[in-house]
Structure formats: structure tokens, C-alpha cells
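Visitor: I would like to go through this structure with you. Could we start with the charged side chains and then move inward?

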Amino acid sequence: MMSARNRTDFTSGSMTKSIITYAATMILTVFLQHLFGTADMVVVGKFVGDAAQAAVSSTGMLRSLMITLLVGLSQGVNVLVAQSVGAKDREQADRVAHTAFATALSAGTALGIVCIIITPYALQWMKYPPNIMEQARIYMYICFAGLPIQLIYNCAAAALRAQGDSQRPMYFLTLGGVVNVGLNLIMVLIFGMGVSGVAWATVASNAVAAWLTIRCMNHDGDLFHLALKKLRIHLPTLKEIARIGVPGAITNSAYALSGILIQSSINSLGDVVVTASGAAGNLGTYINSVCSAFGSTCLILAAQNLGANRLDRVKRGQRLCLGISMGCAAVLGLLLIGTGPILLRMFTNDPQVIKEGLVRIRSVAPFYVLNSLMACAQGAQQGLGHAGVCSLITVIGTCGLRLLWVFLVFPMFPTHAVIVFCFPVGWGVTGVVQQIRLHWLLRRMSAEREQIVA
């Protein structure tokens, strides 16, 4: 059985302690996930060249577009298993886990094949510079081949985190990260494989993390044990996962699509800006990860307390998450501005690339607090099972604004600083609207439950 020290129960006890404990491990986990990509970029940037580094960094949004079509699966698993934890429903948790894994294997394989087929056309549409195009294609082919493995890890980790265990998925990802860095150096320095080497290293590290997480589920799980004979898609459960997860997947895909358009605009500014923006964007991703980690904490907190019929704790927990998240984002943003020149030298030795990288950092870093505002409200609404309208608000408020920015603002002021400023604009507008909608939703749900009791 899962020991109490590995499990965070948001339905009782100190809310602040639970939030900090869970969020801290989630932050470390998402940091480690991004370290895979950072390690790839650093190794190829230092030992292969700036073109290889640009090929790895600039394809992030295109990879995300494909991957996030199924990432909603893990969000649905998160919510349903967390609700089962609050309600102590072992049978429902078991059905959710086995349906999720069966779907990840089948749909992940199909999506990987489709992604490999369309990759060359997507790269041409995004107008990649010729010296980056071929290396980007190779990197993406290999990453998409490992897509089922990544999705399996996401589902396994989501199932454990939904039970309040955010620590061990982090430990397993750490071991995978060690494998990733070691294989990066071996593949590039010893075998001279370039971008293909770092791509295969990433696939191998995901496989290690996935195997360890599944092994943990089967040897030390509270609610379920994964068994091959039970691995089937239970349609009513899949529909429920989809009801919660598909809106999030659509939102994430819209994010990625708008990101592709932004990347296309960046690509039009030349090789130096492409390389610089990729490196600076990678550094900013770590602060975004802090915001996302608190959003994920809000999701589990809301789902567990919804299952336990404790909406009062949802309200208090979301406010605490938001305050801590905004504080962390503000401090980290200032640190990034101050240490930007040093950090950018990890990726490149070219002073022009470093100069352009600082343009993106100084344009975006002061505004990461707005991303916290948005992420915490989204997470709480998803945990409450109301993801549809939440996703629509995000698509319109964030992605819609980005598209308007790309087609209306950037053509008038075609600079690096102007194109990346669309990120904080979208966070701010969407964050305010999402917070208003969350508070309205909590009041409505509380009133409905009071009427039932009466």
C-alpha cells in the first residue's frame, strides 16, 4: 500500500502544507521534463553547432501540437482518479487506469505514424531556413516514434499523482533524466550522431521513467494494479475521460497551433533570431512550469475535495495556490532577467545570439505572474469537472489574441520584441476572465448543494 508520507490528502489537514508539499514535487517534476529538451539543446549547441541547436529548440511548438492531441487523456485520468480517491471508489479508479493505458497504446501509436507522415509538409509550411530543415526533420521523426512511450508515462504518472503521490513520479523522471544526459554525451561525442543521437536519448529516458512508474503502480498502489488481462477500453469510462480531457487537449492544441504561427513569424527574422528565441524561450519554460505545477495542484485539490464534498476547501486552496504561484513567478522572472546573459551562454558562444536572446527575456520575464493567474483558475475548473467553458475561454482569450497579434500587430512592427510580447498579453486577458468564471462557478455549485441538503 502507498505510505502516508508519499501521499498528499487535500481533503483534510493543513491546506498550506499540502499545497507546498505537492506543488514542490510537481515543480521539480516538470523542471526535469524540460531538462530533457534543455540537455538536448545544450549538447548539440556546444558540440554540433547553432543550426542543430535551432533545429531542436524551434520544433518544440510543432511537437506540442501533435502530442497535446492526446495529453488530455492524462488530464481526464488525473481528475477521475482524484475524485475516486475522495470518494474511496476503488472500482472506478481501476476502470479509469486500464482504459487510459489501452487508449494510450493504441491512439499513441496511430498518432505517432500520422505525425511522421506530415512532418516534412509542416516544416515547409513553417518556412524553416534550409540549414535547419533537415536536422529538424530527423529530430522530429525520432521523437514521434517514441510518442506511445511518452503517453504511457503521462498516464501512469497521472494515476499516481491523482492519489496524492507526486514524489515518486519525480524520482523516476530524475533517473530518466540521468539516462538522458549520459546518452546525449555518448551519442554525440562518441558516436557522432548529432540531433538523431539526442532524440534517441530522449526516447530512452522516457522509456526508463515509464517502466519505473508502472512498476511502482503494480507494487505499491492504493487503488489499482495494472494487469494485461484487464487492459481494455471501457467505453463509458473513456467517454467520461474524454468529457474532461478533450477540452484540455483542444486548448493545448490551440496553444501549440498559435505557437507555430508565432514560430513562423520568428523564423522570418533570420537564423540568429531563431536560435536566440529558442534558447531564451527554453529558459522561460521553467518559469511557465512553476505556474503549470500550481495549476496541476489546483486540479488535484479541487477534484479530491469535490469527491469528498468539500467545496469550502476548494475555495481556500485555490486562493493559496494563486498567491504562492504569483510570488514564485515574480521572483523567478526577476532572476531570469538578471542571470540571462550567463544562462544563454550555456546554449551558444555567439554574442549576437545572446543579445537577441536577451530581447525575448526582457520582453516576457516581468509578466509571468499573469500566467499564474490563468493556470490556477484553469486547474481548479478542470478539477471540478467543468473543463468545457474553461477551455473555450482560453482558446478565445489566449490563442485568439495571439493570432490577432501575428496577423495585425507584427506586420506593422516586425521585430523580435513585438512578436514575443503576445504571450503576456494573452496570459493577462485570459487570467482575469478565468478567475471571474471560477468564482462564479464555485458560488453556483455551493448554492446547488445547499438546495439539495435543504
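Guide: A salt bridge here is a side-chain nitrogen of Lys or Arg within 4 Å of a carboxyl oxygen of Asp or Glu. Please note that the model is a predicted one.

Visitor: How many salt bridges does the count come to?

Guide: The count comes to 3 salt bridges. One of them pairs Arg 310 with Asp 312, with 3.1 Å between the closest N and O atoms. Asp 312 also forms a salt bridge with Arg 316, where the closest N and O atoms are 3.7 Å apart. Arg 444 and Glu 448 meet through their side chains in a salt bridge as well, at 3.5 Å from N to O.

Visitor: Where do Arg 444 and Glu 448 lie?

Guide: Both are in helix H16 (residues 422–453), 4 residues apart, which is about one turn of the helix. Arg 444 is partly exposed at 32% relative accessible area, and Glu 448 is partly exposed at 39%.

Visitor: Which residues are joined into one network by shared partners?

Guide: Arg 310, Asp 312 and Arg 316 are joined in that way. Within this network, Asp 312 and Arg 316 both lie in helix H11, 4 residues apart. Arg 310 counts as partly exposed, with 30% relative accessibility; Asp 312 is partly exposed at 36%, and Arg 316 is partly exposed at 37%.

Visitor: Staying in helix H11, is Leu 334 buried or exposed?

Guide: Leu 334 is exposed, its relative accessible area being 62%. This residue belongs to helix H11, which covers residues 311–344. The C-alpha atoms of Leu 334 and Tyr 368 are 9.9 Å apart, with the two positions 34 residues apart in sequence numbering.

Visitor: Changing topic: how many disulfides are there?

Guide: The count comes to 0 disulfides. Cys 328 is in no disulfide, and the nearest cysteine sulfur, in Cys 291, is 8.9 Å away. Cys 328 is partly exposed at 27% relative accessible area.

Visitor: And why is there no bond for Cys 376?

Guide: The closest cysteine sulfur, in Cys 298, is 4.1 Å from that of Cys 376, so the pair is too far apart for a bond. The cut-off for a disulfide is 2.5 Å between the sulfur atoms. Cys 376 is buried, with a relative accessible area of 0%.

Visitor: What does the largest nonpolar core look like, in residues?

Guide: The largest nonpolar core has 96 residues, and those with the most contacts inside it are Val 77, Phe 294, Leu 344, Ile 361, Leu 384 and Ile 419. Helix H10 (residues 271–307) contributes the most to this core, with 17 residues. A second, separate core has 11 residues, including Val 44, Val 198, Ala 199 and Val 203.

Visitor: What does Val 203 touch?

Guide: Leaving out residues up to four places away in sequence, Val 203 touches Ile 142, Gly 146 and Ile 149. Val 203 lies in helix H8 (residues 194–220) and counts as buried at 13% relative accessibility. Val 203 and Cys 143 are 60 residues apart in sequence, yet their C-alpha atoms are 6.6 Å apart.

Visitor: Finally, which helix gives the largest share of the nonpolar patch?

Guide: Helix H7 (residues 167–190) does, with 5 residues. The patch lies on the surface, has an area of about 930 Å², and includes Phe 47, Leu 185 and Trp 200 among its members. Phe 47 is in helix H1 (residues 15–47) and is partly exposed at 49% relative accessible area.

Definitions and conventions. Residues numbered from 1 in each chain as written. Predicted model: local features only at pLDDT ≥ 70, side-chain atom pairs only at ≥ 80, totals over all residues. Heavy atoms only, no water. Helix = DSSP H or I, 4+ residues; strand = E, 2+ residues; numbered from the N terminus. Buried < 20%, exposed > 50% of the residue type's maximum accessible area, 1.4 Å probe, protein only. Patch = residues over 30% accessible without salt bridge, like charges linked within 9 Å, V, L, I, M, F, W, Y side chains within 5 Å. Areas by Shrake-Rupley, 256 points an atom, 1.4 Å probe, with all protein chains shown as cover. Contact = heavy atoms within 4.5 Å. Core = buried A, V, L, I, M, F, W, Y, C linked by side-chain atoms within 4.5 Å.
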